[in-house]
Amino acid sequence: MGQVNALDPTDTHPDASDAPDPSPSSRLRSGGGDPLADFLALRAPEGAELLAGLRSYDPATELATATRLRRTHPAALVSAALGQARLRQRAVAKFGAEDAYRMFFTPNGVEQATRTSVAAHRAGRFAGAGVRSVADLCCGIGGDAIALARAGISVLAVDRDPLTAEVARANAVALGLDALIEVRCADVTEIDTSPYDAVFVDPARRGGRGRIFDPEAYSPPLSWATAAALRAPRAALKIAPGVPHEAIGPRAEAEWISDGGDVKEAVLWFGEGFEAGAYRATLLPSGATLSAPAVLPAPPVGPVGRYLYEPDGAVIRAHLVADIVNRCNGRLIDEMIAYVTSDELYESPYTAGYEITDQLPFNMKRLKALLRERKVGVLTVKKRGSPVEPEELRRKMKLQGPNRATVFLTRVADAPTMLIGRPVTGPEAGRG
């Protein structure tokens with residue numbers, strides 16, 4: 001509907017006597033250096049006991065903790081355990097404490113793994129479509145495989161990195177799901193997926209220089225993943241939420257998912273039970289879903305009315321802002337800005353609503369005077385289409401007083417504008 005929606009070398013040894021002992025404990029006692037061996041040592045009794053004792057470990061005391069533990073444990077084992085303890089603490093945000101402190105992670109795995117709420121939603125859609133077995137290609141540390149198994153689906157989880165595959169295998173065991181999850185270390189392009197009801201592909205979207213934005217630079221490329229999906233009865237491809245719509249193709253149902261208001265990912269669905277060409281926005285944790293069978297036409301643009309509606313990011317990414325405009329009998333405030341305005345009160349899970357009390361040309365002095373006059377001490381700053389940073393604006397306002405307000409820094413009819421208002425609340429709010 002237009003731009004408003006754009007939002008390691010192998011050592012050689014001259015003879016066998018020079019080769020290192022392959023056992024994890026021997027590697028650790030001689031200084032480590034092999035991440036897979038270090039990880040296997042963590043799963044041995046000594047490592048498991050050491051790691052279990054670090055659940056409440058404070059990273060701020062790492063030096064003292066490491067010094068104490070190295071008196072009774074190999075230095076490399078202590079280093080590996082402390083590293084894993086830090087990763088578990090980071091993983092709580094995605095997996096919850098109960099799972100995170102039983103699971104194992106790699107730095108990339110924590111960063112790239114699907115959070116539990118999103119993985120569970122996707123597994124639920126697979127299960128609802130009658131899927132009972134899935135080939136999970138590029139499985140990473142196993143976050144999606146875990147959700148699929150918990151939905152009663154048997155999983156072949158594949159990753160070509162030996163350490164990552166071993167971590168995924170350990171997680172299946174740790175969570176009691178190894179009867180449903182088979183982990184295989186292999187190149188996903190060589191896997192025969194024909195025995196499975198569905199395929200799930202999560203291509204790597206990070207390289208040595210950070211995030212990869214070109215879908216054909218994913219590993220494997222989006223074109224290969226799409227071809228693999230089309231060969232399966234049903235399939236899902238996890239992609240970055242900023243993927244260009246023209247890269248999606250007409251045979252996929254495209255779904256954007258937000259969790260707690262933050263857009264987490266996009267998924268392309270293929271096969272029976274999914275609507276080719278459709279666009280969908282799903283909001284978690286509620287599960288509310290907005291969809292359209294195709295891209296909607298551009299909505300009208302007009303003056304700011306009594307109310308302003310801020311669509312969820314998933315709605316914007318899915319190019320469904322026009323649907324919100326239709327539902328609230330509204331319009332955009334600018335053809336390039338995803339703020340919807342209406343003279344009607346409208347309540348929806350897909351938007352946050354505000355009653356607008358003032359509309360001013362952008363002017364910091366006028367805003368400061370108005371906030372002082374209204375005795376505003378707490379100011380929420382939102383922006384779209386403005387270069388001003390919210391923290392910078394709050395500092396300059398020198399707020400004092402018992403009242404609250406929300407200011408929108410945006411553009412109206414292509415002019416820098418400030419809109420002041422308050423959230424729409426109360427049982428009198430209409431529903432759409």
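Colleague: Which residues have the most contacts inside the largest nonpolar core?

Modeller: This is a predicted model. In the model, the largest nonpolar core has 58 residues, and Phe95, Phe105, Phe126 and Ile181 have the most contacts inside it. Helix H5, residues 75–100, gives the most to this core, with ten residues. At least three residues come from each of domain 1 (35–102) and domain 2 (110–205 + 220–292).

Colleague: What does Ile181 touch, leaving aside residues up to four places away in sequence?

Modeller: Ile181 touches Ala145, Ile146, Ala149, Val155, Ala157 and Ala172. Apart from the core just described lies another one, of 51 residues, with Val188, Leu222, Ala225 and Leu283 among them.

Colleague: Now the sheet. In what order do its seven strands run?

Modeller: The general idea comes before the case. Strands of a sheet pair through backbone hydrogen bonds, in parallel or antiparallel fashion. Here the sheet is open, the order is E13-E14-E12-E15-E18-E17-E16, and the pairing is mixed. Strands E13 (331–334) and E16 (376–383) are at the edges with a single partner strand each, so one side of each has no neighbour in the sheet. On average, neighbouring strands are turned by 40 degrees against each other, direction ignored.

Colleague: How many residues of strand E14 are buried?

Modeller: Six of the six, residues 337–342, so E14 is largely enclosed by the rest of the structure. In a regular strand, side chains alternate between the two faces of the sheet. In E14, Ile337, Tyr339 and Thr341 point one way, Ala338, Val340 and Ser342 point the other way, and all are buried.

Colleague: Which residue in E14 is the bridge partner of Leu308?

Modeller: Thr341 is the bridge partner of Leu308 in E14. E12 and E14 pair in the antiparallel sense over three bridges. Leu308 also stands opposite Tyr354 in E15, and five bridges join E12 (residues 307–311) to E15 (residues 351–361), again antiparallel. As for E13 and E14, they form a hairpin with two residues between them, and Leu332 has Val340 as its bridge partner in E14.

Colleague: Which strands does helix H13 lie across?

Modeller: H13, residues 364–373, lies across E15, E16, E17 (403–412) and E18 (415–423), running at about 115 degrees to E15. Helix H14, residues 390–397, also packs on the sheet and touches E16 and E17.

Colleague: Where does pLDDT stay under 50?

Modeller: Over residues 5–32, for which the model has 32 contacts beyond four places in sequence, and over residues 425–432, with eleven such contacts. The mean pLDDT of the chain is 88, and 88% of its residues reach 70 or more.

Definitions and conventions: Residues numbered from 1 in each chain as written. Predicted model: local features only at pLDDT ≥ 70, side-chain atom pairs only at ≥ 80, totals over all residues. Heavy atoms only, no water. Core = buried A, V, L, I, M, F, W, Y, C linked by side-chain atoms within 4.5 Å. Buried < 20%, exposed > 50% of the residue type's maximum accessible area, 1.4 Å probe, protein only. Helix = DSSP H or I, 4+ residues; strand = E, 2+ residues; numbered from the N terminus. Domains from an automatic or database assignment. Contact = heavy atoms within 4.5 Å. Pairing = 2+ DSSP bridges. Axes fitted to C-alpha atoms, helices over the stretch in contact; angles between N-to-C directions. pLDDT = per-residue confidence, 0-100.
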